[in-house]
Amino acid sequence: MTPELAALQAIGWPITAAEPLPADPVWRQALLDHPQARPARVTEQHRSGYVVSEGPDSGYRVESLPEWQRPANYKKGSVAPEQRPGVGDWLLIEGDGSRGKVVALLPRYSAIKRGAAGEHYKQQLIAANIDTVFIVCGLDADFNPRRIERYLLLVRGGAEPVVVLTKADEAIAADENAVAEATGALIELAQGVAIRAVNARDRDGSVAAMAPWLQPGRTVVLVGSSGAGKSTLTNSLLGIERMKTGAVRESDARGRHTTTHRALIPLPSGACLIDTPGMRELKPTGEEDVAENFSDVEALAEQCKFRDCSHDREPGCAVRAAIEGGRLDPQRFANYLKLRDEVAGAANKLANRRAQKADEKVAGKAPGKRPDDKHGRR
Ligand SMILES: Nc1nc2c(ncn2[C@@H]2O[C@H](COP(=O)(O)OP(=O)(O)OP(=O)(O)O)[C@@H](O)[C@H]2O)c(=O)[nH]1
Ligand SMILES: [Zn+2]
């Protein structure tokens, strides 16, 4: 492997073979179309451009393409905000360093987005091209199956979720069955998702437990509530390597973008970790698949006597029968109803927004269109 390829792989370039071209036909074609271009990963997004990296120790600014700068309601050639490059995206760059020019955005293979419902519905890209999401939850007062259920629903979008239960050391000291009990409480909702219990302060133990998801070229993000152990786990996965590179970086500080390292953290295992503030407040976009995450509940609902059963008082309700028979956790069912409503509410706003946009397009083509539209609302 060339040093260039090794540097790219350390920040998540998803190619592990000696083969210089990606297997993905679209990516492969994009590289063939731009033989002079090099891949670089977005680590920061600004109004007029991006900071991109070609390896763990380099970051430089490139300008945005004009169509990525136009306001979202711009009539021709505008690109929706969530389709513009964001942290984790791969760009193809031609030319050197500060004179580099973006020539392509490679299609993302996964995305974590957030619905930002204000006056106008918006979608925000939080992180792109993520392989694995560690859903971090402490085995203490933080332990909350319903919150894990919510994260599982929100983070799916191509990335594989893994539930990481931290503070296993303290939990076991208090009750030797604690981990088995907590894992048991999650089996129903996890639906095949991997669950790992760790002492996040134990470096070797954490690295070993998470190793299957930390191979070279993989990208990981962590979600979880405050105090769950995300920073602790991050430091353990980094080991002493971070301090070493930190020292090196300080000694050759030549105006490099050190902030690069905050968003994109290369791990000694060869994987990389994306740390972006948006991960902390996930909200449904309206595109989440509730049925996929609650296939057990949906399967029961299909057995109800009435198709439109509200699982309340109707006769022949299979959902209530399962709850009464102890085969479905009533709290899981309550959470299903709550999350289904939340996703439906976001989906409504999304549909309205799309209809409104379609109207605007039609209006934009008509003569005598509102001239102030271009400049946004007043
Ligand atoms: N004993 C033990 N303590 C842990 C473990 N994981 C985290 N802690 C402790 O829990 C506290 C909170 O951990 P953090 O890593 O700061 O939590 P966080 O998720 O990064 O929190 P925010 O930065 O607020 O989002 C710290 O005092 C950690 O030392 C663990 O597995 N075992
Ligand atoms: Zn029913």
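Begin at ligand 1 and select the shell of residues around it: the largest share of that shell, three residues, comes from α8. The model you have open is a predicted one, and what follows should be read with that in mind. In total, 16 residues surround ligand 1, and the closest of them are S226, G229, K230, S231 and T232. If you colour the shell by helix, you will find that α5 (168–174) and α8 (230–238) each supply at least two of its residues. If you colour the shell by residue character instead, it divides into three nonpolar, eight polar and five charged residues.

**Along α8**

Keep the ligand on screen and select α8 itself, residues 230–238. Which residues of this helix are buried? They are K230, T232, L233, T234, S236 and L237, and K230 and T232 have already appeared among the residues closest to ligand 1. To see what covers these buried residues, add the surrounding elements, which include the strands β8, β9, β11 (219–223) and β13 (272–274), together with the helix α7 (203–210). Then step past the end of the helix, where α8 is followed by G239, a residue whose phi is positive, near 60°.

**The sheet of six strands**

Now select the strands that have just come into view, along with their partners. They belong to an open sheet of six strands in the order β10-β9-β8-β11-β13-β12, with mixed pairing. At the edges stand β10 (194–197) and β12 (264–266), each of which pairs on one side only. Ignoring direction, neighbouring strands of this sheet are turned by 30° against each other on average. Zoom in on β8 and β9 (residues 160–166), which run parallel and are joined by seven bridges. Within this pair, select V136 and you will see that V164 in β9 stands opposite.

**A residue before β8**

From β8, move back along the chain to N129, which sits in the loop between β7 (121–128) and β8 (132–138). The backbone deserves a careful look here, since phi of N129 is near 55°, a positive value in a residue other than glycine. Is N129 buried or exposed? It counts as buried, because 25 C-beta neighbours lie inside 10 Å.

**Where two domains touch**

Zoom out until the whole chain is visible, and colour the protein by its three divisions: domain 1 (3–113), domain 2 (128–280) and domain 3 (290–360). Select the place where the second and third meet, and you will find eight residues of domain 2 in contact with nine residues of domain 3. On the side of domain 2 that touches domain 3, α4 (145–155) and α6 (178–190) each supply at least two residues. The helix that gives the most to this side is α4, with five residues. By character, the residues of this side of domain 2 divide into three nonpolar, one polar and four charged.

Further along the chain, select H311, which lies in the loop between α12 (295–302) and α13 (318–324). Although H311 is not a glycine, it has a positive phi of about 55°. H311 counts as buried because it has 20 C-beta neighbours inside 10 Å.

**The sheet of five strands**

Turn next to the other sheet on this tour, an open one of five strands in the order β3-β2-β1-β4-β5, with antiparallel pairing. Its edges are β3 (58–63) and β5 (101–105), and each has a single partner strand, so one side of each is left without a neighbour in the sheet. On average, and with direction ignored, neighbouring strands of this sheet are turned by 45° against each other. Select β1 (residues 38–45) and β2 (residues 49–55), which pair in the antiparallel sense over four bridges. In this pair, E44 stands opposite V51 in β2. Add helix α1 (residues 3–10) to the selection, and you will see that it lies across β1 and β2, running at about 120° to β2.

**The whole protein**

Finally, clear the selections and show the complete fold, which has 14 helices and 13 strands. If you colour by burial, buried residues make up 35% of the 378 residues in the protein. Among contacts with a separation of 6 or more, 67% are accounted for by residues 24 or more positions apart.

Methods:
Residues numbered from 1 in each chain as written. Chains lettered and ligands numbered in written order. Predicted model: local features only at pLDDT ≥ 70, side-chain atom pairs only at ≥ 80, totals over all residues. Buried ≥ 20, exposed ≤ 12 C-beta atoms within 10 Å, placed from the backbone. Near = placed C-beta within 6 Å. Nonpolar A, V, L, I, M, F, W, Y, C, P; charged D, E, K, R; others polar. Pairing = 2+ DSSP bridges. Axes fitted to C-alpha atoms, helices over the stretch in contact; angles between N-to-C directions. Contact = placed C-beta atoms within 7 Å. Domains from an automatic or database assignment.
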